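Okay everyone, thanks for coming. I'll put the structure up, and then we'll walk through a few parts of it together.

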Amino acid sequence: MSSSISTIAVTGGAGFIGSNFVHFLFKQADFKGIVVNIDKLTYAGNLENLVEIEKKHAGKRYFFKKADICDPEKVSAVFTKYAVDTVVNFAAESHVDRSIYGPKEFVHTNIIGTFTLLEAAKESWGDRQDVLFHHVSTDEVFGSLGESDFFYETTSYDPRSPYSASKAASDHLVSAYFHTYHLPVTISNCSNNYGPYHFPEKLIPLMILNMLEEKPLPVYGDGKNIRDWLFVEDHCSAIYAILKKGRHGETYNIGGENEWTNIDLVNRLCETMAKKNNKPKDHYKKLITYVNDRPGHDRRYAINCDKIKNELSWKRSVTFEEGLDRTVTWYLANSQWIEHVRNGEYHKWLDKNYQGR
Ligand code: NAD
Ligand code: DAU
């Protein structure tokens, strides 16, 4: 049985994918419920991502609660106050590089935070089966691939970074609550997202912002690592399909079937930016700078997402060309958003510590 989806608690709703998901929900004609956004507002949480939602729906169908998902009292209070029947757990520390320099916060938020949410759901829901705890996870839990294989839902977990290890642990906890307590859960493991509101510590927005300032474009190692890219709206539609039709206890892979080496992607992005800014085709490519590799850098990710396509009739709707175009257009049109992020403490730290690695 699927959830009634009356009140969705979206954790990490002020982050990149979470805020896109809130926007997505309010565009769905068949979604009539309310959204409670639970977010601690770390450096990655930005309420500017949700200004239009606030204006239109705050106090009626949208509520924001600043809270740490590791705080049992605050989390349980949200379940009670808003009669939460669906959880979509995005809240996490999400950046692999940061997890290498400071893993503690990743262990805390990603593992203890998920555990705290699971406990609150179990307490609040009892034996109910008309509810759903959806946990948003990553393809990185599967480790690194050779040249030709794919990650399937049945692939064994083999996380390599503190980030992916903490996500793997949280996935196992979610699965354990299904088997042990019959808590209705689903899990999704998705590939690399890109699109509006992406925090510029991650490859695509970092490159766009650096191009705008004519700064070096740092490519790790030999630039031949491969990622599978999915436009964020397509990730949101996949999660929505799981909320509506996903089977309890199941895991769904989500991917773009769209593999790029980092260097090819950066070159492509340089061309898209040059076109938009009326510069010669190779203008930004001269900024590409190879830097030291990320320790433990996974070589290749590639998702097989036949299960969600066949079972839930999901398919991606945005081509890579369109997605990149929409992403670059969004950053060019949102200079104030960029300015505020750039003025933030975290971005200053990033500037000082990352560029020359
Ligand atoms: P993000 O870093 O942009 O956003 C994370 C959000 O969680 C922020 O708003 C932050 O304030 C909030 N948060 C962090 N710690 C919290 C805590 N203790 N309590 C409450 N809120 C907290 O991350 P994202 O890229 O939007 O990723 C969202 C989720 O999707 C993560 O779970 C991530 O593992 C997963 N995921 C991301 C990608 C990707 O390409 N970005 C791909 C697959 C899966
Ligand atoms: O695969 C899903 C994962 O994708 C998510 O679980 C993570 O939350 C998300 O951050 C992302 O992880 P990656 O490590 O793949 O994303 P990132 O944008 O940091 O890096 C993408 C690739 O680009 C990776 O191979 C490292 C490389 N890179 C990254 C940065 C920031 C560079 O070469 N230079 C850079 O400056």
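**Rings, a ligand and a helix**

Let's start with two neighbours in the sequence: Trp330 and Tyr331 are both buried. One thing to keep in mind as we go is that this is a predicted model.

So how do the rings of Trp330 and Tyr331 sit relative to each other, stacked or edge-to-face? Their centres are 4.9 Å apart and their planes make an angle of 85°, so we call this pair edge-to-face. Planes have to be over 60 degrees apart for that label. Now stay on Tyr331 and look across to Trp337. Those two rings have centres 5.9 Å apart and planes at 75°, so this pair is edge-to-face as well. Trp337 is buried, just like Tyr331.

If you like rings, there are more to find: the structure has 20 aromatic pairs. There's also an aromatic cluster, made up of Tyr194, Trp229, Phe231, Trp260 and Phe320.

Okay, on to ligand 2. Which residues come nearest to it? There are 22 residues around this ligand, and the nearest are Thr138, Asp139, Tyr163, Arg294 and His297. Zoom in on Thr138 and you'll see a polar side-chain atom 2.7 Å from an oxygen atom of ligand 2. Glu140 also has a polar side-chain atom by a ligand oxygen, this time at 2.8 Å. For Arg227, the distance from a polar side-chain atom to an oxygen of ligand 2 is 3.0 Å. And how much of the ligand does the protein cover? On its own, ligand 2 has 690 Å² of accessible area, and the protein covers 94% of that.

What kinds of residues make up the shell around ligand 2? Nine are nonpolar, seven are polar and six are charged. Helix α7, residues 203-212, and strand β8, residues 217-220, each supply at least two residues of that shell. The largest share comes from β8, with three residues.

Last stop: helix α8, which runs over residues 232-245. Let's do a quick sanity check on its length. With 14 residues at 1.5 Å a residue, α8 should span 20 Å, and its end C-alpha atoms are indeed 20 Å apart, so the two agree. Is α8 mostly covered or mostly open? It's mostly covered, with 11 of the 14 residues buried. Among the buried ones are Val232, His235, Ile239 and Leu243. Here's a handy thing to remember about helices: an α-helix has 3.6 residues a turn, so residues three or four places apart point the same way.

That's my tour, thanks for listening!

Key:
Residues are numbered from 1 along each chain as its sequence is written. Chains are lettered from A and ligands numbered from 1 in the order in which they are written. This is a predicted model: local features need pLDDT of at least 70, side-chain atom pairs count only at pLDDT 80 or more; totals for chains, interfaces and linings use all residues. Side-chain values use heavy atoms; hydrogens and water are left out. A residue is near a molecule or strand if one of its heavy atoms lies within 4 Å of it. A polar contact is a pair of N or O atoms within 3.5 Å; within protein, one must be able to donate a hydrogen and the other to accept it, and residues adjacent in sequence count only if both atoms are side-chain atoms. Accessible areas come from the Shrake-Rupley method with a 1.4 Å probe; for residues, only the protein chains shown count as cover. Helices (H or I, at least four residues) and strands (E, at least two) are DSSP runs, numbered from the N terminus. Ala, Val, Leu, Ile, Met, Phe, Trp, Tyr, Cys and Pro count as nonpolar, Asp, Glu, Lys and Arg as charged, and the others, Gly among them, as polar. The expected span of a helix is 1.5 Å times one less than its number of residues. Buried means under 20% relative accessible area, exposed over 50%, partly exposed in between (1.4 Å probe, protein chains only). Rings of Phe, Tyr and Trp (its six-membered ring) pair if their centres lie within 6.5 Å; planes under 30 degrees apart count as stacked, over 60 as edge-to-face and the rest as tilted.
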